[in-house]
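Please walk me through this protein model, beginning with how two of its helices lie against each other and then moving outward to the sheet and the overall form.

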Amino acid sequence: MDLTARMPDPPEISSELRNNISALYEEPGYLIDHCYATVMSVEGYEKLGLSERKDVYDSLCLVVRRWCSQVLGCDHTLSDEIEQFEAAIRRRVHQGISLVSVLCAFRLGVKELWLAHLGLAEHERALREELLFAISPYLYEYADFMTDLIRRIFIDEQFQHTRWRAEMRRQLFELVFTGGLDEQDFDRIARSLSVDPTLPRVALAIDWELIDASRSSPEDTIERLALNLGGAVNVEAEHVVHGMRHGRLIAWIPCARGDSLIFNQRALLGSIVEFANRTSGVRRVGVGLMNRGPKGWAASADEATSALDVALRSSDATKVLPYADIAIDESIRANRNALRYFEAVLGEILRERDLLKTLECYFDSRQHRKKTAATLGIHPNTLNYRLERIEALLGAELDAPAWITRIFVALNLRNAAAANLGEQIEDQTSGVAK
């Protein structure tokens, strides 16, 4: 970023002040130490590691020496120093320091610099007047220039970093969803995004709407959703890998290493439900099963998408549907022979409308006969007769776990098919409408 042409010209200064500033240029240690102690109290800087703190110290040396060189008119190193300064500012972006903190640190450094100049002229009235009327206005102008420079460098690096991360996310998506499942490439790209590729993750498929198009762009809404999701599950937003696929937001959230699939599902589900209920614009969320690696990410995303599709077809008001709730149905649909069998399980009772209604109510009432009879508005003896007839027609035992599972799955598949079609379906063997 070439801004050197706009560097303000220094004022004419006396030989005595020149000698004092030259001494400061040669031995800036005490001033750097004061600046460093002040800067390290700024938010964000106090969390830096040893090597990063050394980088900050070196940058302060550069700033002080640059100021002294500028006042003394030593411009021969200007381009090199500006490049070093620019590189230091760009590193602050990747060290997680905010622009507000960087500018605050610079202002505090300028203050320490001014105090150091006043110290040079403590007993010299002529020097104090020169500092007040010559150096003070120039320092203000110089600080204004440097503040603008810092802001422009920082924002440019943020923009480049955002574009780079977006490209890396696109490559990661392409790797996961297009079948180019190279483990080494997956690990390399994930780590470049500061994402641990070895951690298991759960995929979410989110159906959302843009609430106020005049105030937010789709990109802003997506980032807001990712930020809200990270906060809900107590994960930093940058660790929520996300992107758009087929009009849905796909997001993978990390799980605790070593915990079981069931434990992770239970631990995350409440937070995901809270996120869906509290975040405006979220209509439905499908939740995949925990998995790891590129194939695992793809499988979890497919599961989440399947769950979302089912949730969108459902009349249930519940916003979040885990794939675990439909895993049996989906597995059966994937096996043609198994699907044919379960479609035939109810075949013998579809001829009698009351029997099918009774069976559905019986399972909706969790097999409580008294509650079922009350819901249907029939006498308990009538219910017992109907259930016995169902058992006779199906050759089933409604108290046997194996038959309970078969009938429950068969009813779910039939209801899902009706919801999917969006209209009345007919039994192909009997021609009797549902």
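**Two helices, then a sheet**

Helix 6 and helix 7 run roughly antiparallel to each other, a description that follows from the angle between them, since angles over 145 degrees count as roughly antiparallel. In this predicted model, helix 6 covers residues 125-177 and helix 7 covers residues 183-192, and the two pack at an angle of about 150° with their axes 10 Å apart. The crossing in which helix 6 passes helix 7 is left-handed. On the side of helix 6, the residues that take part are W164, M168, Q171, L172, L175 and V176, and they meet D185, F186, I189, A190 and S192 of helix 7. Sorted by character, the residues of this contact comprise eight nonpolar, two polar and one charged.

The next element to consider is the sheet. Strands of a sheet pair through backbone hydrogen bonds, in either a parallel or an antiparallel manner. Here five strands make up an open sheet in the order 2-3-1-4-5, and the pairing is mixed. Strand 2 and strand 5 (320-322) stand at the edges with a single partner strand each, so one side of each has no neighbour in the sheet. From one strand to the next, the twist averages 20°.

Two helices pack on this sheet. Helix 8 (residues 218-232) touches strand 1 (201-208), strand 2, strand 3 and strand 4 (282-287), and its direction makes about 135° with that of strand 1. Helix 9 (residues 261-278), for its part, touches strand 1, strand 3, strand 4 and strand 5, and its direction makes about 170° with that of strand 4.

At one edge of the sheet, the pairing can be followed residue by residue. Strand 2 (residues 241-245) and strand 3 (residues 248-254) run antiparallel and are joined by five bridges. Within this pair, H242 stands opposite A251 of strand 3, while G243 stands opposite I250 of strand 3. The hairpin that strand 2 and strand 3 form has two residues between the strands, and in it H246 takes a positive phi near 55°.

Stepping back to the whole chain, the protein has 16 helices and five strands. Its radius of gyration is 34 Å, well over the 22 Å that the globule rule gives for 434 residues, so the protein is more spread out than a compact globule. Taken along the principal axes, the C-alpha atoms fill a box of roughly 115 × 45 × 40 Å.

Definitions and conventions
Residues numbered from 1 in each chain as written. Predicted model: local features only at pLDDT ≥ 70, side-chain atom pairs only at ≥ 80, totals over all residues. Heavy atoms only, no water. Pairing = 2+ DSSP bridges. Helix = DSSP H or I, 4+ residues; strand = E, 2+ residues; numbered from the N terminus. Axes fitted to C-alpha atoms, helices over the stretch in contact; angles between N-to-C directions. Parallel < 35°, antiparallel > 145°, perpendicular 65-115°, else oblique. Left-handed = near helix turned anticlockwise from the far one by under 90°. Contact = heavy atoms within 4.5 Å. Nonpolar A, V, L, I, M, F, W, Y, C, P; charged D, E, K, R; others polar. Rg over C-alpha atoms; globule rule 2.2 N^0.38 Å.
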